[in-house]
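The exercises below ask you to work through one protein model, with a solution following each task. Please keep the sequence and the structure in view as you read.

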Amino acid sequence: MADVPSDAPEHCPGTSSDQAGKSSACQGCPNQNICASGAAKAPDPGIHAYISIWLLKLVSSVALLDVDICGPSIPKIMGLEGEQVHQSGSGWSPVYVEDNLAVMSIGFLLSSPDDAVIWRGPKKNGMIKQFLRDVDWGEVDYLIVDTPPGTSDEHLSIVQYLSGAGIDGAVIITTPQEVSLQDVRKEIRFCKKVKIPIIGVIENMSGFVCPKCKNTSQIFPPTTGGAQRMCEELNLPLLGSVPLDPRIGRSCDEGKSFLTEVPDSPAAVAYQNIVQSKSSKPQQASLY
């Protein structure tokens, strides 16, 4: 059940249920009084106020929030390892890649990139809430939230805290093989259950285009039709397919922009086409 707290008893009716805090299963639960009062059903007002203010001031800038608490990779990918978050009178200052690209990640708060974050759900939720409430994002056109795979605490927290801000939707990333599509179908059902619109699906590692002969090889064969067939079956838009390119991995390891390093590659062109097809209007928030 999507609205069951991580520390709830076995037969918890869920925070949005009419029986929240009132059923026999609620006896002894630390959340009983909050659920019984109805407060747990409402979105967090502080979060939504701040997000709404930030997103109403739309200017040509982007904020990237990494909520992969246990495996933060955004600092490495963006070339920001070693950077620190600074406190100001208006809150935490995000780290800037450029003047119009702000980034926040728990990776900036660790003493070493190799430090393990061993947290249970409530502590993860508190950190995500702090990222949304206390970070001075400034004026942004897009808030892009990079989530880990799956349908866990991070996803539930983002859905709850941003519900009042109006999430434009989720962009679902998959690879062609069925083992990946099985997980992605679960994520799609999660989005439908919590009423998040699905902007579309991107198929990553979709064939390998040889940089010399330009022929395409299927490194991960789409044995069940890949993202295209899944999108047809579930009536979802396929935003595009990004071919496998070892230079993407190298750019990520070196913290360089692949789009700048190899702008004419098939993968870079695919990225450009995907973004251009979906950037015709400002969005309040996008969930990845």
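**Exercise 1: charged pairs**

Asp-245 and Arg-247 are joined by a salt bridge, their closest N and O atoms lying 2.8 Å apart. The model is a predicted one, in which local features need pLDDT of at least 70 and side-chain atom pairs count only at pLDDT 80 or more, while totals for chains, interfaces and linings use all residues. Residues are numbered from 1 along each chain as its sequence is written, and side-chain values use heavy atoms, with hydrogens and water left out.

Task: decide whether Asp-245 is buried or exposed, and do likewise for Arg-247.

Solution. Begin with the criterion for the pair itself: a salt bridge is a side-chain nitrogen of Lys or Arg within 4 Å of a carboxyl oxygen of Asp or Glu. Next take the burial scale, on which buried means under 20% relative accessible area, exposed means over 50%, and partly exposed lies in between (1.4 Å probe, protein chains only). Asp-245 has a relative accessible area of 9% and is therefore buried, whereas Arg-247, at 23%, is partly exposed.

**Exercise 2: a pair between helices**

Task: which residue forms a salt bridge with Glu-154, and in which helices do the two partners lie?

Solution. The partner of Glu-154 is Lys-124, with 3.2 Å between the closest N and O atoms. This pair links distant parts of the chain, since Glu-154 belongs to helix H5 (residues 153-162) and Lys-124 to helix H4 (residues 121-134), 30 residues apart; helices here are DSSP runs of H or I with at least four residues, numbered from the N terminus. As a last step, check burial: Glu-154 counts as buried because its relative accessibility is 4%, and Lys-124 is buried as well, with a relative accessible area of 10%.

The structure holds 6 salt bridges, and another of them joins the side chains of Glu-178 and Arg-185 at 2.7 Å, N to O. Both Glu-178 and Arg-185 are buried.

**Exercise 3: cysteines**

Task: how many disulfides does the structure hold, and which cysteines does the UniProt annotation "binding site" cover?

Solution. With a disulfide taken as a pair of cysteine sulfur atoms within 2.5 Å, the structure holds 0 disulfides. The UniProt annotation, from an unreviewed entry, covers Cys-12, Cys-26, Cys-29 and Cys-35, and such annotations may be inferred rather than shown by experiment. Of these, Cys-26 lies in the segment before helix H1 (32-37) and is buried, with a relative accessible area of 7%.

Note on methods: Helices (H or I, at least four residues) and strands (E, at least two) are DSSP runs, numbered from the N terminus.
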